[in-house]
Amino acid sequence: MDRTAAQNSQPVRLYFGRAQAKDFLGIADLDRHAWSDSRYAECIPDGEHVWRVWVDGAFVFVARDGAEVVGAIVAFPTRQETLFVHKVMVDKWHRGRGIGARLFNLLLEDIDASVRTSCFLTVDPANHAAVQRYERIGFTERQYVAGYYRDDEDRYVMTRPAVGG
């Protein structure tokens, strides 16, 4: 897609829904580019093979602008009988339009209706906007963990209790 055109125009109509097998390569491509501004950009993306498996076996939702995947969210079960919200990502040219919030809504509605379990995510403590956003959607329990991923990469582990259990 012409990035200048995408940046300067609103999408005609975005599709939001459960990811399909045909989406996994687009999700993997988004994953390679969505984190380019991160200090650990080379460590963040997951491979195409795992996205293929997650599309079939995890909670994965996408936003598409035409055929292009411009947003995705994934959560999968853990051995602790909770779900880990592994990633929410939006193409940088489509940010600021509520795509991430809509993907979170779809994910949490599906979790609440189907498995009714708690879920957790990790976030950089310096990302105050994200922390506040997650608190607003129910991730009310927060634990600071120094060196969660790397010695110099601290995280909040934020948990959203089960709803309607």
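These legends walk you through several close-up views of a predicted model.

**View 1. Two tyrosines meet edge-to-face.**
A pair of aromatic rings is described by the distance of the centres and the angle of the planes. In this model, the count comes to 9 aromatic pairs. One of them joins Y144 and Y156, with 6.0 Å from centre to centre and 75° between the planes. The angle is over 60°, so the pair counts as edge-to-face. Y144 sits in strand β6 (residues 141-150) and Y156 in strand β7 (residues 153-160), 12 residues apart, and the pair links these distant parts of the chain. Are the two rings' residues buried or exposed? Y144 is partly exposed, at 45% relative accessibility, while Y156 is buried, with a relative accessible area of 18%. Y156 has another neighbour to look for: R142 lies over its face, 4.6 Å from the ring centre.

**View 2. Five aromatic residues form one cluster.**
Which residues make up this cluster? Look for W51, W54, F76, F84 and F120.

**View 3. Helix α4 and the residue just after it.**
Helix α4 covers residues 99-114, which makes 16 residues. From its first C-alpha to its last it reaches 23 Å, close to the 22 Å expected at 1.5 Å a residue. Several of its residues are buried, among them I99, L103, F104, L107 and L108. The buried residues of α4 also include the charged residues D110 and D112. Just after the helix, R116 takes a positive phi of about 45°.

**View 4. R155 is buried without a salt bridge.**
R155 is found in strand β7. Which side chain of opposite charge is nearest to R155? That is E153, 4.2 Å away. A salt bridge needs the atoms within 4 Å, so this pair does not count as one. The side chain of R155 does make a polar contact with the side chain of T122, at 3.4 Å. T122 belongs to strand β5 (residues 119-123) and is buried, with a relative accessible area of 13%. E153, for its part, forms a salt bridge with R150, where the closest N and O atoms are 2.3 Å apart. Here E153 is buried at 9% relative accessible area, whereas R150 is partly exposed at 27%.

**View 5. A salt bridge within helix α2.**
Side chains of opposite charge can pair when their charged atoms come close. The structure holds 10 salt bridges, and one of them joins R32 and D29 at 3.4 Å, N to O. Why are these two separated by about one helical turn? They are 3 residues apart in helix α2 (residues 24-34). An α-helix has 3.6 residues a turn, so residues three or four places apart point the same way. Both partners are partly exposed, R32 at 40% relative accessibility and D29 at 34%. With E48, D29 and R32 are linked in a network of salt bridges.

**View 6. A salt bridge between a helix and a strand.**
The side chains of D31 and K87 meet in a salt bridge of 2.7 Å, N to O. D31 lies in helix α2 and K87 in strand β4 (residues 83-90), so the pair ties together parts that are 56 residues apart in sequence. Are these partners buried or exposed? D31 is buried, with a relative accessible area of 0%, and K87 is buried too, at 5%.

Definitions and conventions
Residues numbered from 1 in each chain as written. Predicted model: local features only at pLDDT ≥ 70, side-chain atom pairs only at ≥ 80, totals over all residues. Heavy atoms only, no water. Phe/Tyr/Trp six-rings, centres within 6.5 Å; stacked < 30°, edge-to-face > 60°. Helix = DSSP H or I, 4+ residues; strand = E, 2+ residues; numbered from the N terminus. Buried < 20%, exposed > 50% of the residue type's maximum accessible area, 1.4 Å probe, protein only. Lys NZ or Arg CZ within 6 Å of the ring centre and 35° of its normal. Expected span 1.5 Å × (residues − 1). Polar contact = N/O pair within 3.5 Å; in protein donor to acceptor, adjacent residues only side chain to side chain.
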